[in-house]
Amino acid sequence: MDFELKAIAIQKEEDINFVLGQSHFIKTVEDLYEAMVNAVPNARFGVAFCEASVKRLIRVTGTDDDLMDLARQNALAIGAGHSFIIMMRGCFPINGLKAIKSVPEVCSIYCATANPATVIVAEMGESRGIMGVLDGQVPLGVEKEGDVLERRELLRRFGYKL
């Protein structure tokens, strides 16, 4: 069986975070919506889910029309069955990730980031699946004392540490 690997760049603005994952059932789109609004009140997000059988539609929901459109565009480009993408603005994946992972249909999370990212997909006939994600860039070195202080200050500025 022959297959082809493709690299799909995630399209987004710098301030947008996203979560990319795999699930297994049509109710995923509604359950992810509920997970996000329960975990992050007033969250601005869009969810797109690629249905893998029967109608094979991209199901879309969310709280922000622009982010719903962005999720739809990226889901169309990736086109992998039973995959989902959540595009968010004004919140971080860390705020909703535990709730997303606890959705019964969610099988795995490939990526949760604001970095530039590329999704590697394999295509064989009418099937397409996510093989992995290239997230950000390679490290340039190991943090030094000043970098540690900077990291700690950043976490406190975001409100994640006292």
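This passage walks through the helices, a hairpin, some unusual backbone angles and the ring pairs of a predicted model.

Helix H1 is a handy place to start. H1 runs over residues 28-39, and its 12 residues reach 16 Å from the first C-alpha to the last, close to the 16 Å expected at 1.5 Å a residue. Which residues of H1 are buried? They are Thr 28, Val 29, Asp 31, Leu 32, Ala 35 and Met 36. Going around the axis, these residues cover an arc of only 165°, so they end up on the same side of H1. Glu 30 and Asn 38, on the other side of H1, are exposed.

Helix H2 can be read in the same manner. H2 takes in residues 65-78, which makes 14 residues, and from first C-alpha to last it reaches 20 Å, close to the 20 Å expected at 1.5 Å a residue. Its buried residues are Leu 67, Met 68, Leu 70, Ala 71, Asn 74, Ala 75 and Ile 78. Why can these residues be said to line one face of the helix? Looking down the axis of H2, the buried residues fall within an arc of 160°, and therefore they sit along one face. Over on the other side of H2, Asp 65, Asp 66 and Leu 76 are exposed.

Both ends of H2 have a detail to look at. At its start, a side-chain oxygen of Asp 64 comes to within 3.0 Å of the backbone nitrogen of Asp 66. Just after H2 comes Gly 79, with a positive phi of about 60°.

One of the buried residues of H2, Ala 71, also leads over to a strand. Its C-alpha is 5.3 Å in space from the C-alpha of Ala 48, although the two residues are 23 apart in sequence. Ala 48 belongs to strand E3, and with a relative accessibility of 0% it counts as buried.

Strand E3 comes up again with the aromatic rings. The structure holds 3 aromatic pairs. In one of them, the ring centres of Tyr 33 and Phe 45 are 5.6 Å apart and the planes meet at 50°, so this pair is tilted. What parts of the chain does the pair link? Tyr 33 is in helix H1 and Phe 45 is in strand E3 (residues 44-50), so the pair brings together distant parts of the chain, 12 residues apart. How exposed is each partner? Tyr 33 has a relative accessible area of 27%, so it is partly exposed, whereas Phe 45, at 0%, counts as buried.

Another ring pair is made by Phe 92 and Phe 158. Their centres are 5.2 Å apart with the planes at 40°, so this pair is tilted too. Phe 92 lies in the loop between strand E5 (83-89) and helix H3 (93-101), while Phe 158 lies in the segment after helix H4 (145-157), so the pair ties together parts that are 66 residues apart in sequence. Phe 92 counts as partly exposed, with a relative accessibility of 33%, and Phe 158, at 42%, counts as partly exposed as well. Ring pairs also bring in Tyr 160, making a cluster of Phe 92, Phe 158 and Tyr 160. On top of that, Arg 157 lies over the face of Phe 158, 5.7 Å from the ring centre.

The backbone has some odd spots too. Most residues other than glycine have a negative phi. Val 54 is not a glycine, yet its phi is positive, at about 55°. Val 54 is found in the loop between E3 and strand E4 (58-62), and at 80% relative accessibility it counts as exposed. Arg 56 is in the loop between E3 and E4 as well, and it too has a positive phi without being a glycine, with a value near 50°.

That leaves the hairpin. Strand E7 (residues 117-124) and strand E8 (residues 127-135) pair in the antiparallel sense, over 8 bridges. Ala 117 stands opposite Asp 135 in E8. How many residues lie between E7 and E8 in the hairpin? There are 2, and Gly 125 in the turn has a positive phi of about 60°.

Terms used
Residues are numbered from 1 along each chain as its sequence is written. This is a predicted model: local features need pLDDT of at least 70, side-chain atom pairs count only at pLDDT 80 or more; totals for chains, interfaces and linings use all residues. Side-chain values use heavy atoms; hydrogens and water are left out. Rings of Phe, Tyr and Trp (its six-membered ring) pair if their centres lie within 6.5 Å; planes under 30 degrees apart count as stacked, over 60 as edge-to-face and the rest as tilted. Helices (H or I, at least four residues) and strands (E, at least two) are DSSP runs, numbered from the N terminus. Buried means under 20% relative accessible area, exposed over 50%, partly exposed in between (1.4 Å probe, protein chains only). A charge sits over a ring if NZ of Lys or CZ of Arg is within 6 Å of the ring centre and within 35 degrees of the ring normal. Two strands pair if DSSP finds at least two bridges between them. The expected span of a helix is 1.5 Å times one less than its number of residues. The arc is that of the directions from the helix axis to the C-beta atoms. A polar contact is a pair of N or O atoms within 3.5 Å; within protein, one must be able to donate a hydrogen and the other to accept it, and residues adjacent in sequence count only if both atoms are side-chain atoms.
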